[in-house]
Amino acid sequence: MICFLTGTLNALAGAERMTAVIANALAERGYQVCIISLWDKQSAFALHPSITHISLHARRPSFKWAYAATVMGIRRAVKQYGIGVLIEVDTMLALFTLPATLGLGVRHIAWEHCHVDQDLGKPMRRVARILAARLHSAVVVLTARDSDRWRAALRPRSQMVVIPNPLPFAFPPLPAARATKTVLAVGRLTHAKGFDLLLRAWARVAPGTRDWRLVIVGEGEERAALEALRDTLGLRDSVELPGSRTDIAEAYRQAAVFCLSSRYEGFGLVLLEAMSFGLPVVATDCETGPRELLSNQKNALTVGICDQAIARGIAQLIEQPALAARIARAGREFAGHYTVECVLDLWIRLLDRDLSI
């Protein structure tokens, strides 16, 4: 039995979505799969009917007080379901799984969704990464750059495997019509995503772009601050923050340009999503995914991490339709290499050959 261990599946976020996508694809291929959520039995994403999904806590606990109960819950589930391989969707989970599986012969795979130079405000994440690098069967990272950083920073004894995130939906048969005057951004409303930079960039672009609008799809703790900044900049009439969407494909179909304004990224799946719909992309040149996925002036415009540079990139794609069309075509061709089928083969190679399931 292959088990994915995650915090929760009831969140419209990248790691949660990828967990469902890869678990579903493996189940479709005939693998026995279960998912353990530390809290919340609900899933924001549909799961294959053969997948068993359980949760250890009804709601998110304080792990300071629920640590022992969580470790014992993982151990009970491993025994009950005969779990042989545990894929930990966050490297922090090694702090729970290593004591939970002592003596059970479980093989561990850490699945890193950020890059190794970011601890996301949790210093214990570095400790967890050191444990994974020393004691796990494999560590899966999203980019070759991050694999190199793991090797330089942590000198892992574990096998390092690069497996990118796939498109979470079937490759669109047709590109977006790009008939609307809409610049789209997608992501959680957090500091890392740089939507404050994007709003300041849009304040520079909007006066010279008649009828164009900026739509930022996503939800998060920065909503109130971003709405206040939008209003302070006088952008209420040209900026929408509609929240999260379950029909994200429709958001891409309704857009003409895509912008990623992140300060840092683990991968940047939204880039591939936008490119698959034939949207020309302007993106900040940040670690690690964008630098691996994007080639400036070829399949995207890459810019500095500041509002002036982002504004120049957006303006270029709006004002130069021939450039936008050329980048859109190249991006769509590039995204075609990241279908679920292509990426799943890399997972199966790891599971079947390297771990001898």
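Partly exposed means a relative accessible area between the buried limit, under 20%, and the exposed limit, over 50%. Arg263 fits that class, because its relative accessible area is 23%. This is a predicted model. The briefing covers its salt bridges and its cavity.

**Salt bridges: the basics**
- Side chains of opposite charge can pair when their charged atoms come close.
- The model has 17 salt bridges.
- Three pairs, one network and their surroundings follow.

**Arg125 and Asp90**
- The side chains of Arg125 and Asp90 form a salt bridge, at 2.7 Å from N to O.
- Arg125 sits in helix H4 (residues 124–135), while Asp90 sits in the loop between strand S4 (85–88) and helix H3 (94–100), so the pair ties together parts that are 35 residues apart in sequence.
- Is Arg125 buried or exposed? Arg125 is buried, with a relative accessible area of 4%.
- Its partner Asp90 is partly exposed, with a relative accessible area of 29%.

**Asp196 and Arg263**
- A salt bridge also joins the side chains of Asp196 and Arg263, with 2.8 Å from N to O.
- Asp196 belongs to helix H6 (residues 195–205), and Arg263 to the loop between strand S11 (257–260) and helix H9 (269–276), so this pair ties together parts that are 67 residues apart in sequence.
- Asp196 is partly exposed, at 21% relative accessibility.
- Arg263, as stated at the start, is partly exposed at 23%.

**Arg291 and Asp285**
- Arg291 and Asp285 meet through their side chains in a salt bridge of 3.2 Å, N to O.
- Arg291 is partly exposed, with 34% relative accessibility.
- Asp285 is partly exposed too, with 31% relative accessibility.

**A shared network**
- Which residues do shared salt-bridge partners join into one network? They are Glu219, Arg223 and Glu227.

**The cavity**
- How many cavities of 30 Å³ or more does the model have? The count is one.
- The largest cavity holds about 40 Å³ of space.
- Its lining includes Val186, Lys193, Phe195 and Val270.
- Phe258, Cys259 and Leu260 are also among the lining residues, as are Ser261, Ser262 and Glu265.
- Strand S11 gives the largest share of this lining, with three residues.
- By class, the lining has six nonpolar, two polar and two charged residues.
- Lys193 and Glu265 line the cavity, and both residue types count as charged.
- Ser261 and Ser262 are in the lining as well, and serine counts as polar.

Notes. Residues numbered from 1 in each chain as written. Predicted model: local features only at pLDDT ≥ 70, side-chain atom pairs only at ≥ 80, totals over all residues. Heavy atoms only, no water. Salt bridge = Lys/Arg side-chain N within 4 Å of Asp/Glu carboxyl O. Helix = DSSP H or I, 4+ residues; strand = E, 2+ residues; numbered from the N terminus. Buried < 20%, exposed > 50% of the residue type's maximum accessible area, 1.4 Å probe, protein only. 1 Å grid on protein atoms, 1.4 Å probe; cavity = no way out; pocket = protein on both sides within 12 Å on 5 of 7 lines; lining within 4 Å. Points joined across faces, edges and corners; volume = space filled by probe spheres on them.
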